[in-house]
Each structure stands twice: as C-alpha cells, then as structure tokens.
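Visitor: I am new to protein structures, and I would like to be walked through one with a few questions.

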Amino acid sequence: MASFFVSCPLNFEPQLVIELKSFWHEMMDLDGQPTREALPELVTHPGGIELKCSDHLGYQINFFSKLALRVLIRIHKFPARYYDQFEKEMKALPLAKWIDDKTISIKIETSKSRLNHERNLTEAATKGLAGAGFKLIDKAGHRLFVRIVKDNAVISLDTSGEHLHKRGYAIFRGDAPLRENLAALMAQQLELNKVDLNYITLIDPFVGSGTTLFEAASFQIPNFKRNYAWLNFKNKPKIFNSESWVKNFRWIQNKESDALGIDIDQDALENLHENHKLFAETFPQARLNLRTLNDDSVVVQENDIQTKKPCWIISNPPYGVRLRQGSVAEAFGHVEKLCDLQGAIIMHPDSLPIAFNKLRQSSQLDLSNQGLKINLSVFTR
C-alpha cells in the first residue's frame, strides 16, 4: 500500500470524492481485470484528497480523473526543525526505487514552520539530493513536492507530469478559455442528474473553442493518450510495459453524444473544429456528433436547432466587456423557446444572474476562477 494525494482546485474536494467513487472499480488490477480492491477511506484536505491504496491503482487515477490537477505519491515524511536535519533526510530519500533519471526538479511550500526560508531550503535540498546522486534543476521530467507544515515535512513524487487538466486536445484557444477541469465539473452535473447523453442533444450557445462539449462527451472516459510521469517509473507495473496495454481496459464502454455549438465568432468555431479533430484522437471511445452554427444565439431559428431529442444547455457564457448587458439571459431564454429544454448547466460570475422561463434552479456550487467568484448553477424542470 502507498499513500497518494490527489490535488484539485479549492472547493472541488466534495466533487472529487464523488468522482473517485464513480470510477474506482473501472480501474485495472494486475491480472488485467477490473479491480476488486475496496474503495479506501478518502480523507479530505483543502485542495485535495488523500488515500492509501495499491500503487497500480493510485497511478491509474491519472487516467480517469477529470477534476484532479495532479496525483502525488508520498515517499517520505519526517520532523524538520533544522536545515542540516532537512538536508540529511533529503539525502535518504528512496528515489532510486522509482526513477533512473538523475535530474529532478522541486517545489517547496512551508506553513507555520521554523524552516521557512525557501532559498535555504533549496540549498539544503540540493546538497542532500547531490549526496544521493541526484542533481536539482529548474525543469526536469520528474518533480518532487516538499511541504513543511508545523515542522513536519512530507515529500511527494509527482506521478502526473503536466497538469491533468491538459488533456491534449485543447490546442487552439481564444480569449479567456475555460479550463478543462472546470468544464468537467459542469459535465459531472449531467451525470449527477442522471442525464443519458444517448437521448439528448447538448447545446452551448456560447461555445467558443468547444471545451464544455468536449468535456461532457468524454466525462468518465479515461485519457490513455498522455505521457504520464509514472509510465516512466522503474517500478511501474509490468502489465503496462506492453505496447497494447490499453486493450486490457476492454470493459470501458464507448460513448456517443449529439451536440450543437453556436458562436458569433467565426475564428472561435475554426478553433473548435481543429480541436474536434484532436479530441477524436485523444478520446476514440467518445464519439461526438458535433454541429456548429456561426450566428448570434439571440437570433437563431427553430430549424437551426434541428433536433427531435430533448435538449440540455451546458455553457460558460462570456461576460463583462465581451458581451452587451442582458444578452446572456436573452440568448438562454431564446434557445429555451426553440427546443424541448430539460435542463441547463451554467458557469457564470456571481454578479451575472441566470434565469429561465420553465426551468428552476436545483443546485449551485460556489467556486473561484483565477480570483473571480463564480457559480455553477444547475436548472431543471
């Protein structure tokens, strides 16, 4: 058993717990079968979830989680009250168990500790790691996270590599793009409301480069296409050494969805179409039947919607100087008149009220996006 810390944006923790529970038994045991290991206790901390499980399951969280930022494996902990003590413990890190590469980068955070001078800590870490045969550099393929709280140090090794919100498909972006994990939080609301994507059409009246629709279409489908840091660990499970290891996840179901993206900005739609090509490569199990309309959502016609299915809106509308006052509510109200709208999931600033004629707000999450207070509001009949 190993200890893992799955980091996430602040206030995402309850939703991350729900997500971990939802995919736990979709992960693979070392015999190539869905795991029989029981879901461990999930301990919530500000900014993440801690759990103890087998290494091979902790690593796979990287494939499945759409809300997490990183997955860290705890490799050492010790009291840290003196710099020479810290240096000695850094020298004793069992890094050789995981990595052959002798270069490593480091991130240090301290809180309420007598060791709180980042430069001195970096120098001590550099000397300690050098004694173990490792060289500390600014950027490296493997990264250590050092956190010292109340004179107790916890050392973690990154298993993710790039931030997990970087799926690999969102290359072409416009102004103020929505982060993938925020869009995934919106997609999770579809799951929690038991919305079956096979029987609805998703509509984003302000689609931009398409992140909301892509995340909804791929939610609960693992991302096997990235080069995660743990896939380069010395002790990665042998089952992942095969070039065809992805085929072992044979129980992962394909998913198909219909979607309509509307945007007045032609450049944004061109970005969306380029991203759609990359999305199809990144998530081959997710078939997204995507139509786009280059128009103002306030003036689209009923025949533009062209769907006999019930609809859900999922959208992160622009705001502030990018849109005239009142046009967001007007656009949502107009789309509601044109289709059989069953629900809506809207990410919007706290200062931008959202309302529908037939839908009523059923839930709201209060979040922060780069310092801006935002709401994730869900509307249902």
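What follows is a conversation about ring pairs, a histidine, a glycine and some strands in this predicted model.

Visitor: How many aromatic pairs does a search of the whole structure find?
Guide: A pair of aromatic rings is described by the distance of the centres and the angle of the planes. When the whole structure is searched, the number of aromatic pairs found is 25.

Visitor: Is the pair of Phe-64 and Phe-249 stacked, edge-to-face or tilted?
Guide: The ring centres of Phe-64 and Phe-249 lie 6.1 Å apart, and their planes stand at 55 degrees. Planes under 30 degrees apart would count as stacked and planes over 60 as edge-to-face. Because the angle of 55 degrees fits neither of those classes, the pair of Phe-64 and Phe-249 is tilted.

Visitor: How many residues apart in sequence are the parts that this pair, Phe-64 and Phe-249, ties together?
Guide: Both residues are buried. Phe-64 belongs to helix α2, residues 55–64, whereas Phe-249 is in the loop between α6 (211–218) and β10 (255–263). The pair therefore ties together parts whose separation in sequence is 185 residues.

Visitor: Which kind of pair do Phe-206 and Phe-332 form?
Guide: Phe-206 and Phe-332 are both buried, with Phe-206 in the loop between β9 and α6 and Phe-332 in helix α9. Their ring centres are 5.7 Å apart and their planes are at 90 degrees, so the pair is edge-to-face.

Visitor: Which backbone oxygen lies 2.6 Å from a polar atom of the side chain of His-334?
Guide: His-334 is in helix α9, and its contacts include Ser-297 and Val-299. Its side chain reaches the backbone oxygen of Val-298 at 3.3 Å. The backbone oxygen at 2.6 Å is that of Val-300.

Visitor: Is Gly-131 buried, exposed or partly exposed?
Guide: Gly-131 is part of helix α4, residues 118–131, and its C-alpha is 5.6 Å from that of Lys-91, although the two residues are 40 apart in sequence. Buried means under 20% relative accessible area and exposed means over 50%. Because its relative accessibility is 44%, Gly-131 counts as partly exposed.

Visitor: How many bridges join β4 to strand β8?
Guide: Strand β4, residues 70–79, runs antiparallel to strand β1 and is joined to β1 by four bridges, with Ile-73 in β4 as the bridge partner of Phe-4. Strand β4 also runs antiparallel to β8, where Ala-153 stands opposite Phe-78. The number of bridges joining β4 to β8 is seven.

Terms used:
Residues are numbered from 1 along each chain as its sequence is written. This is a predicted model: local features need pLDDT of at least 70, side-chain atom pairs count only at pLDDT 80 or more; totals for chains, interfaces and linings use all residues. Side-chain values use heavy atoms; hydrogens and water are left out. Rings of Phe, Tyr and Trp (its six-membered ring) pair if their centres lie within 6.5 Å; planes under 30 degrees apart count as stacked, over 60 as edge-to-face and the rest as tilted. Helices (H or I, at least four residues) and strands (E, at least two) are DSSP runs, numbered from the N terminus. Buried means under 20% relative accessible area, exposed over 50%, partly exposed in between (1.4 Å probe, protein chains only). A polar contact is a pair of N or O atoms within 3.5 Å; within protein, one must be able to donate a hydrogen and the other to accept it, and residues adjacent in sequence count only if both atoms are side-chain atoms. Contact means heavy atoms within 4.5 Å. Two strands pair if DSSP finds at least two bridges between them. Lists of a residue's contacts leave out its neighbours within four places in sequence.
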